[in-house]
Amino acid sequence: MKLTFINKMDSYRIYLYTRFWSQFFFTFIFTVNLLYHVKVVGLDPLQLVLVGSVLEAVVFLFEIPTGFVADLKSRRLSVIIGFFLIGAGFLIEGSFPYFVAVLVSQVLWGIGYTFTSGAHQAWIADEIGEERASEAFVNGAKAGTLGEVIAIPLSMLIGYFFMINLPIIIGGLSMMGLAVFLLLFMKEENFNPVQHENTSTWKTLKTNMKEMVHYTKASYLMRILFLIALFFGLYSEGFDRLWISHFLEETQLAYMTEGNWVILIGSIQFVVMLLSFVGLHFISRSSLHQKLNTIYASLLIGCVLIIASLAGFALSTGIIGLLIFYLIIQGTRSVMAPLEDTWLNKIIPDSSTRATFFSVKGQVDAIGQISGGPAIGLIAANFSIKIAMLTSALLLTPVIYLYRLVIKKSRG
């Protein structure tokens, strides 16, 4: 019986299970996480910004080193270490309501994230092949969105009726449990680490880095992809930090009780996840994610939608308009993510450096967030959140030109 169960746990299924449960646990935690920081830990605005900055700085520093670990040693091991560190970080955060504990948790979470970033995509691409990996990215994103949809109401109920930090503690323990599950059932049969005889690991890292830099310089599409990741990082941090404040200002709902705010924000996120799931289900049933030309066109349309909706969100004064534009932005972002992964996966020249290329993309995005977040925050502080939101939309507009260049290049 046990042997039959193990045999059924093929890599494709493991990937979908992991995407579902990891997103379930993340969402279970994050539905109450910000409220926990403000109401229980008592972080002031400066400390909240510092928490985000520490996380992005850690991601920036560790993305490439952990990507090399995945490419040189084991993608499977990298993913397992990553989820264990993420779980440990959240367990510390939920158990000790102090600013220092929150900072420590961000460090562990950031390092853990970089171990999984790139390694997970590279692992599944190696195990099932590049063509089938495109399908896995879309269906994995759909499975993750389903996990988010289920997690939000459960987190709301536990946080509302018990303790705000209880979902964080449970989620942290569960994430560590996911690492144990992967240790038992995750296989790695098609990974071929880079072999450099009589060469130290450090020299191997430098050699791989030179090869990546050389290919990035030679690959027009790779340079464009990294530039797009930079601009998405520049705009996204400001929006993610300020959307609730803008929502409060324009709707005059600041005096709602803490419990009602948990219900409201949780409900909004729930609708976002439902829309995302429908969008990803449509993509997975179509052939849209199979060809680069259709991926480029879809990403361009998604980018235009986000820019227009950001401007609409900034200028809206009614709750209905704000909700509609917010739902469009978040739903579009969730649908674009697996298409971006598919694009990068298809243009990576050598499977032995796949995880590192994904990590570089994550690092470029982190650079954008580290640069864009404080700048947008200063604009909001000195002018208004509305102007800051419009600036975020403006920061993303060069991506339209970049996608048009990619489409033109693909047509010859």
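Is R75 buried or exposed? In this predicted model, R75 counts as buried, at 0% relative accessibility. That makes a handy way in, since this arginine has a partner: R75 forms a salt bridge with D126, and the closest N and O atoms sit 2.2 Å apart. The pair ties together distant parts of the chain, with R75 in helix 4 (residues 75-95) and D126 in helix 6 (residues 119-128), 51 residues apart. D126 is buried too, as its relative accessible area of 14% falls under the 20% cut-off.

The structure holds two salt bridges. Besides the R75 pair, the side chains of D10 and R13 meet in a salt bridge, at 4.0 Å from N to O. Here the surroundings are of another kind: D10 counts as partly exposed at 32% relative accessibility, and R13 counts as partly exposed at 34%.

Stepping back to the whole chain, the secondary structure comes to 16 helices and zero strands. Of the 412 residues, 52% count as buried. Among contacts between residues at least 6 apart in sequence, 85% join residues at least 24 apart. As for the outside, the chain exposes about 18300 Å², and carbon and sulfur atoms supply 67% of that area.

Now for the inside. In soluble globular proteins, nonpolar side chains tend to be buried together. The largest nonpolar core in this model has 108 residues, and F232, W343, M389 and Y403 touch the most other members. Helix 10 (residues 220-251) gives this core its largest share, 15 residues. W343 shows what such a spot looks like up close: leaving aside neighbours within four places in sequence, its contacts are L221, L225, I228, L292, I295, Y296, L299, Y403 and V406.

Some polar and charged residues are buried as well. E340 lies in helix 13, and it counts as buried at 17% relative accessibility. Apart from neighbours within four places in sequence, E340 is in contact with F232, L299, K361 and Y403. F232 and Y403 turn up again here, having already been named among the core residues that touch the most other members. L299 and Y403 also appear in the contact list of W343.

Q330 has its place in helix 13 (residues 319-347) too. With a relative accessible area of 15%, Q330 is buried. Not counting residues up to four places away in sequence, Q330 touches F239, V272 and S276. The C-alpha atoms of Q330 and L275 are separated by 9.0 Å, although these residues are 55 apart along the chain.

K142, in helix 7, makes a similar case for a lysine, since it counts as buried at 14% relative accessibility. Once residues up to four places away in sequence are set aside, K142 touches F277, L280, H281 and S284. From K142 to S284 the chain runs 142 residues, yet the two are 8.1 Å apart in space, C-alpha to C-alpha.

Helix 7 also has a part in the surface. L157, Y160, F161, F162, M163 and I263 form a nonpolar patch there, with about 670 Å² of accessible area together. The largest share of the patch, three residues, comes from helix 7 (residues 130-161). Y160, one of the patch members, lies in this helix and is partly exposed, with a relative accessible area of 44%.

Finally, a word on helix 5 (residues 99-116). How far apart are its end C-alpha atoms? They are 26 Å apart, and this agrees with the span that should follow for 18 residues at 1.5 Å a residue, which is 26 Å. A good many of the residues in helix 5 are buried, namely A101, V102, S105, Q106, W109, G110, I111, G112, T114, F115 and T116. Just after the helix, G118 takes a positive phi of about 85°.

Definitions and conventions
Residues are numbered from 1 along each chain as its sequence is written. This is a predicted model: local features need pLDDT of at least 70, side-chain atom pairs count only at pLDDT 80 or more; totals for chains, interfaces and linings use all residues. Side-chain values use heavy atoms; hydrogens and water are left out. A nonpolar core is a set of buried Ala, Val, Leu, Ile, Met, Phe, Trp, Tyr and Cys residues joined through side-chain atoms within 4.5 Å. Buried means under 20% relative accessible area, exposed over 50%, partly exposed in between (1.4 Å probe, protein chains only). Helices (H or I, at least four residues) and strands (E, at least two) are DSSP runs, numbered from the N terminus. Contact means heavy atoms within 4.5 Å. Patches are made of residues with over 30% relative accessible area and no salt bridge: like charges are joined within 9 Å, nonpolar side chains (Val, Leu, Ile, Met, Phe, Trp, Tyr) within 5 Å. Accessible areas come from the Shrake-Rupley method with a 1.4 Å probe; for residues, only the protein chains shown count as cover. The expected span of a helix is 1.5 Å times one less than its number of residues.
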